Amino acid sequence: MSTSPLDSTSENKADIDREIRIERMQRELEELSGGAMISGSVGDMPPELEEVFLERACAWEKAPYDTNFNRLIQHGIEMIPPAELDDYKLRLKLQEVLCALSAIHCFLHDTDHLSDRELYTWLWSEGLREETPDLSQLGGAWHTSSIGSGSEEDTAVFLKHYANRKERRRRQKEFSNEQLPPHCPLPYDRDRNLPRSA
């Protein structure tokens with residue numbers, strides 16, 4: 001089957017229109033970043049894919065920023081300081097918060113080393129306090145962990161509780177002067193029941 005000159009002209013016009021949209025989004029991202037945008041190339045990316053990527057990057061940059069703590073309050077969740085909750089009420093509040101977080105597309109990982117009180121305290125004081133774009137409006141999700149900072153302390157918790165043999169061997173090989181903490185079983189069993197993104 002051959003293509004007619006008319007089909008070829010339509011394809012050329014669509015390609016030119018796409019190039020114009022891509023150029024416009026690149027300029028917009030440059031303006032949104034205050035001239036601090038760093039761009040590069042990932043090789044021969046099809047223009048269709050580049051256009052989708054730039055659309056998402058623009059949406060990300062234009063999205064309103066707030067904390068997940070404030071988003072929960074806006075969704076009617078009363079955020080009570082941990083010290084004001086006895087163990088029973090804290091467990092109920094933690095379950096309410098975990099369910100509400102999934103509704104705003106925020107999902108937790110690596111929590112089985114923390115008691116309910118420790119997890120709720122981390123969420124209250126740190127885990128929900130970072131300003132982020134509202135990914136629920138962008139079709140995305142946040143995945144967060146109390147050991148996700150990359151700090152030495154978080155790495156030690158990961159190695160102690162979550163790293164498998166292969167990960168522990170790789171770490172030992174890369175940091176041969178470092179003493180690995182002994183592997184310890186996780187004291188709690190919460191992660192497998194946490195809400196997950198679709």
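This report covers the cysteines, a nonpolar surface patch and one buried acidic residue.

The model is predicted, with local features requiring pLDDT of at least 70 and side-chain atom pairs counted only at pLDDT 80 or more, while totals for chains, interfaces and linings use all residues. Residues are numbered from 1 along each chain as its sequence is written, and side-chain values use heavy atoms, with hydrogens and water left out.

Under the criterion that a disulfide is a pair of cysteine sulfur atoms within 2.5 Å, the count is 0 disulfides. The table lists two cysteines, where buried means under 20% relative accessible area, exposed over 50%, and partly exposed in between (1.4 Å probe, protein chains only).

| Cysteine | Closest cysteine sulfur | Relative accessible area |
|---|---|---|
| Cys99 | Cys106, 13 Å | 49%, partly exposed |
| Cys106 | Cys99, 13 Å | 4%, buried |

The sulfur of Cys99 forms no bond with that of Cys106 because the 13 Å between them is too far.

Trp60, Tyr65 and Leu138 make a nonpolar surface patch of about 260 Å²; patches take residues with over 30% relative accessible area and no salt bridge, joining like charges within 9 Å and nonpolar side chains (Val, Leu, Ile, Met, Phe, Trp, Tyr) within 5 Å. Of these residues, Trp60 belongs to helix 2 (residues 47–62) and is partly exposed, at 31% relative accessible area. Helices (H or I, at least four residues) are DSSP runs numbered from the N terminus.

Asp154, in helix 6 (residues 152–162), is buried without a salt bridge, and the nearest side chain of opposite charge, Arg171, is 12 Å away. A salt bridge requires a side-chain nitrogen of Lys or Arg within 4 Å of a carboxyl oxygen of Asp or Glu. Apart from neighbours within four places in sequence, Asp154 is in contact with Ser146, Ile147, Gly148 and Ser149, contact being heavy atoms within 4.5 Å.

Notes:
Areas by Shrake-Rupley, 256 points an atom, 1.4 Å probe, with all protein chains shown as cover. Helix = DSSP H or I, 4+ residues; strand = E, 2+ residues; numbered from the N terminus. Lys, Arg positive; Asp, Glu negative; His and termini not counted.
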